[in-house]
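Please open the model in your viewer and keep the selection panel at hand. The tour below goes stop by stop, and each stop says what to select and what is there.

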Number of protein chains: 2
Amino acid sequence: MTAATPPPAPAPVPARFSINQMTVRQLPLPELVRECVRLGVRGVGLWREPVAQYGPAASAKLVRDAGLEVTSLCRGGFLTAVEPAARAAALADNRAAIDEAATLGTDTLVLVSGGLPPGSKDLAGARARVGEALAALGPYAAERGVRLAIEPLHPMFAADRCVVSTLDQALALAAPFPPSQVGVVVDTYHVWWDDTAPAAVARAGAAGRIHAFQLADWVTPLPAGVLNGRGQLGDGAVDLRWWVSLLDSVGYRGPVEAELFNEELWAGDGAALLSDTTSRAALLLS
Amino acid sequence: MTAATPPPAPAPVPARFSINQMTVRQLPLPELVRECVRLGVRGVGLWREPVAQYGPAASAKLVRDAGLEVTSLCRGGFLTAVEPAARAAALADNRAAIDEAATLGTDTLVLVSGGLPPGSKDLAGARARVGEALAALGPYAAERGVRLAIEPLHPMFAADRCVVSTLDQALALAAPFPPSQVGVVVDTYHVWWDDTAPAAVARAGAAGRIHAFQLADWVTPLPAGVLNGRGQLGDGAVDLRWWVSLLDSVGYRGPVEAELFNEELWAGDGAALLSDTTSRAALLLS
């Protein structure tokens, strides 16, 4: 045997890259942390459900002891209910999410607003109730060092998941509050199609309201239910490098999370998926 | 047996109601025409493929002899190709569609712009090519008494079907041309979620650029591929009565088409579907 040529060195992992836990949900938290350390990934975006399974304090210790930063917690929100009891329960759940974010040491709680209440056709009313909930939650979050980050979801989720569909709407909801309390999430999967989004990103950047930046690509055909068909970085229609440049140009210097929801990717090996996603992100961010 | 109480008389069918052929695609054209006459439906929106099967001239005679009006022809468009040969073929196909519209006696050809060319991530460039194609097609259409109606499709189709996602974009594309040449389609399924759409409808109405108005409801979960899951009128999240009022308020007096694409509805009896859709539309338009 002759000596094998070593493979080309991969692009170094940028310090601002973060892996959202949902991307590799087949990895239990300890494995995710171990693989991040092995690859040189320094940030993780966590989700409440797996954090609750492992325990918030234990999760915080595990991540901190490994030298990782929690870049965001997903997610609060679902604030569109009409009935007082349901609204009170939603607010209580969001306060719990804020507490969990503080425990994890992240300053960013992602909010998905919620869809239309059953039988309702009143989008404007639902959006207004999100604003009312922000007024109730903002000070509580600020006291704990947590910023609320409103995430507009793609309009295909407007009925059943998120009545906030554009960055303009999210910024309008954030406007009454100081940027240290309420800002927005820019997720390429949700806003890539929108020709008004770049101007909104510029305004959000100037106002210091970009509290999270997430990457996913758009691939077709969409799967039934349309939730779990986000494309691996570079596989789809989104000019991700352009979006990274845009966020750079408006002064965003925070973490860049890869957040994929994809049944096919989840069916494969989690460590390999993390490595592949990290390599692709490193190329985009280099 | 006692004499049965007669059922309540259904709402009369409004003169402006039109059934889009795709809604009941299980009905061959002669059956569609016969059922429209039986129910008192006076307008039909036709599609090129079934018209080609029956023959454009024969279709025109069949519909005209039954006293029906063709309210629109679907569809031209798919104008985003880059290669000269593909662009020339698309323009030729659109001229044929304009000729077919003239043969059918409708003044409205619906245009679906087309998605991103394979491998492209350049949405803005694709939209610009749609504008160039309109410049090539507008005069040809005007000479034949046909108006081009740009239909924004829901943003979930931006990559693979239609890079024009909002009424604002459609109106910007129409702006260089006289309203008698180029206008827009307002389809509730595609624009219901958009809080900028009502202002765009108002501008379009004032400019005389609403060339078609189509109704469909939004129901979830969406099916795989998301094309054929449009909801029956009244079954979903869209406040259709509000949209009808909006179009009324901006001076739109043209036909109102029901256009559903729904695999489950297509699997049932076409005449019953036509009757049900007509009854629901009659209530909305009354």
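Two helices count as roughly parallel when the angle between them is under 35 degrees, as roughly antiparallel over 145, as roughly perpendicular from 65 to 115, and as oblique for the rest. This is a predicted model, in which local features need pLDDT of at least 70 and side-chain atom pairs count only at pLDDT 80 or more, while totals for chains, interfaces and linings use all residues. Residues are numbered from 1 along each chain as its sequence is written, and chains are lettered from A and ligands numbered from 1 in the order in which they are written.

**First stop: two helices of chain B**

Select residues 29–39 and 56–65 of chain B, which are helices α1 and α3 (helices are DSSP runs of H or I of at least four residues, numbered from the N terminus). Their axes come within 10 Å and cross at roughly 15° (axes are lines fitted to C-alpha atoms over the stretch in contact, and angles run from 0 to 180 degrees between N-to-C directions). α1(B) and α3(B) are therefore roughly parallel to each other. To see where they meet, show B:Leu29, B:Pro30 and B:Val33 in α1(B) together with B:Ser59, B:Leu62 and B:Val63 in α3(B) (residues are in contact if their C-beta atoms, placed from the backbone, lie within 7 Å).

**Second stop: from α3(B) to α4(B)**

Keep α3(B) and add residues 84–104 of chain B, helix α4, whose axis lies 8 Å from that of α3(B) at an angle of about 30°. α3(B) and α4(B) are therefore also roughly parallel to each other. On the α3(B) side the contact is made by B:Pro56, B:Ala57, B:Ser59 and B:Ala60, and on the α4(B) side by B:Glu100, B:Thr103 and B:Leu104.

**Third stop: the two chains**

Now display both chains, for which the predictor gives an ipTM of 0.95 and a pTM of 0.95. A rotation of 180° with 0.0 Å of shift along its axis superposes chain B on chain A, with an RMSD of 0.0 Å (the fit is by least squares on C-alpha atoms of residues with pLDDT of at least 70 in both copies). That is the relation of a two-fold axis. Select B:Ala224, the residue of chain B that comes closest to this axis, at 1.8 Å for its C-alpha.

Finally, colour the interface, where 24 residues of chain B are in contact with 24 residues of chain A. Because 100% of the interface residues of chain B are also interface residues in chain A, the copies meet through the same surface.

Methods. Two residues are in contact if their C-beta atoms, placed from the backbone, lie within 7 Å.
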